[in-house]
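I had a quiet afternoon and a new model to browse. These are my notebook entries, written as I went along.

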Amino acid sequence: MNKIHKSYYHLPGLFEFYELYRVFLPLFRKHREYFYDWCEIGSIYGAPSDCLWGGGRTSFGYSDPEDVLDLMWEYGISVRLTFSNSLLQKEHLADKKCNDLCKMFESAQTQNTQNGVIVHSDLLLNYLTENYPDLYLISSTTKVLTDFQDFLNEVKREEFRYVVPDFRLNKMFDKLDRMSQHQKDKVEFLCNECCWFGCKDRKTCYESVSRKNLGEPALEYHCASPDGNEGYRFSKAMENPGFISIEDIQNIYMPMGFSNFKIEGRGLGSALILEFLLYYMTKPEYQLRVREEIYLDNMLDLF
């Protein structure tokens, strides 16, 4: 067992919550004492609206990509395009908007900070590898790999720097602990999923979003989860059997050798994203202070 002394959060809403991060990141740098010293920001992920290659969630991000990259460059944070559409065809690969974003993100890298793409489609993976080889790749949780051996096979693929397992594998500690350290370094756990643990339609749900992003007519999808009509609630996510708490990270995952943790929330409001930042990154005695600093910024609409 190789105890990890630093964890990395991969945060949602690169384009969707640019204004929030524009306020939060200076605070994170200036007052590092407010935040746990054992965690860092590994990356921020997302996609602009109307991206054919987009998946997972229908994006509402309208921030200018150049502004986004300038902010992340200033703070040395890796950025990831969420291009996890599962239904891409060869003709979609020529999309100008998505290719322009890849070119921009590939060129906006430093020696210490590399940018990446979250992918589902092997067709897109092969295209990116050939045309944008300097972008690293992340295997998306939208693949819904609920069988541990399928997940382990995905981890073994050299094309991926990180693999995000289905949240229902989060607590398979006996199997997770038997992974090699190299394999553990590639695992990026989804911490705060609110989806029903017994859901059988997760892949269908993601495919519905993929069709919408492609502009194709999609059958109206109705979530069959108990209380699914209530939407996302952090309090409900905390009761999910797959939920990873801050105590879990410190007392189980890090001592076991895992260091990467993904926070979901691209389709939520910035006020809820702030709650995630407070819970996962901010020391309890400073949470009110951070919340006040964010709320008092008159340029930020948290709702």
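The entries below cover backbone angles, salt bridges, a charged patch and a pair of strands.

**Entry 1: the model**

I started with a reminder to myself that this is a predicted model.

**Entry 2: positive phi angles**

I looked for positive phi values outside glycine and noted Asp50, with phi near 65 degrees. I found Asp50 in the loop that runs between strand 2 (39–46) and helix 2 (65–75). Is Asp50 buried or exposed? Its relative accessibility is 68%, and since exposed means over 50%, Asp50 counts as exposed.

I then turned to Val144, which is not a glycine either and has a positive phi of about 50 degrees. Val144 also sits in a loop, this one between strand 5 (136–139) and helix 5 (148–155). I checked its cover too: Val144 has 15% relative accessibility, so it counts as buried, the limit for buried being under 20%.

**Entry 3: salt bridges**

How many salt bridges does a search of the whole structure find? I got 14. As background, I jotted down that side chains of opposite charge can pair when their charged atoms come close.

I opened Glu16 and Arg266, whose side chains form a salt bridge at 3.4 Å, N to O. Glu16 belongs to the loop between strand 1 (7–12) and helix 1 (18–30), and Arg266 to the loop between strand 8 (260–262) and helix 11 (270–281), so this pair ties together parts that are 250 residues apart in sequence. I looked up the cover on both partners. Glu16 is buried, at 11% relative accessible area, and Arg266 is buried as well, at 6%.

My next pair was Arg32 and Glu40, which meet in a salt bridge of 3.4 Å, N to O. Here I noted Arg32 as partly exposed, with 24% relative accessibility, and Glu40 as partly exposed, with 26%.

I also looked at Asp177 and Lys184, where the salt bridge has an N to O distance of 3.3 Å. Are the partners buried or partly exposed? Asp177 is partly exposed, its relative accessible area being 32%, whereas Lys184 counts as buried at 3% relative accessibility.

Moving on from single pairs, I traced a network: Asp122, Lys143, Glu154, Arg157 and Glu159 are joined by salt bridges that share partners.

**Entry 4: a charged patch**

Which residues gather in a patch of negative charge on the surface? I listed Asp64, Glu66, Asp67, Asp70 and Glu74. I picked Asp67 for a further look and found its place in helix 2. Asp67 is partly exposed, with 38% relative accessible area.

**Entry 5: strands 1 and 2**

I finished with strand 1, which is mostly covered: of its six residues, five are buried. What is the sense of its pairing with strand 2? The two strands run in the parallel sense and are joined over six bridges. To have one contact to look at on screen, I picked Tyr9 and followed its bridge to Ile41 in strand 2.

**Entry 6: to revisit**

I would like to come back to the pair Glu16 and Arg266, both of them buried, and to Val144 with its positive phi in a loop.

Definitions and conventions: Residues are numbered from 1 along each chain as its sequence is written. This is a predicted model: local features need pLDDT of at least 70, side-chain atom pairs count only at pLDDT 80 or more; totals for chains, interfaces and linings use all residues. Side-chain values use heavy atoms; hydrogens and water are left out. Helices (H or I, at least four residues) and strands (E, at least two) are DSSP runs, numbered from the N terminus. Buried means under 20% relative accessible area, exposed over 50%, partly exposed in between (1.4 Å probe, protein chains only). A salt bridge is a side-chain nitrogen of Lys or Arg within 4 Å of a carboxyl oxygen of Asp or Glu. Patches are made of residues with over 30% relative accessible area and no salt bridge: like charges are joined within 9 Å, nonpolar side chains (Val, Leu, Ile, Met, Phe, Trp, Tyr) within 5 Å. Accessible areas come from the Shrake-Rupley method with a 1.4 Å probe; for residues, only the protein chains shown count as cover. Lys and Arg count as positive and Asp and Glu as negative; His and the chain ends are not counted. The place of a charge is taken as NZ of Lys, CZ of Arg, CG of Asp or CD of Glu. Two strands pair if DSSP finds at least two bridges between them.
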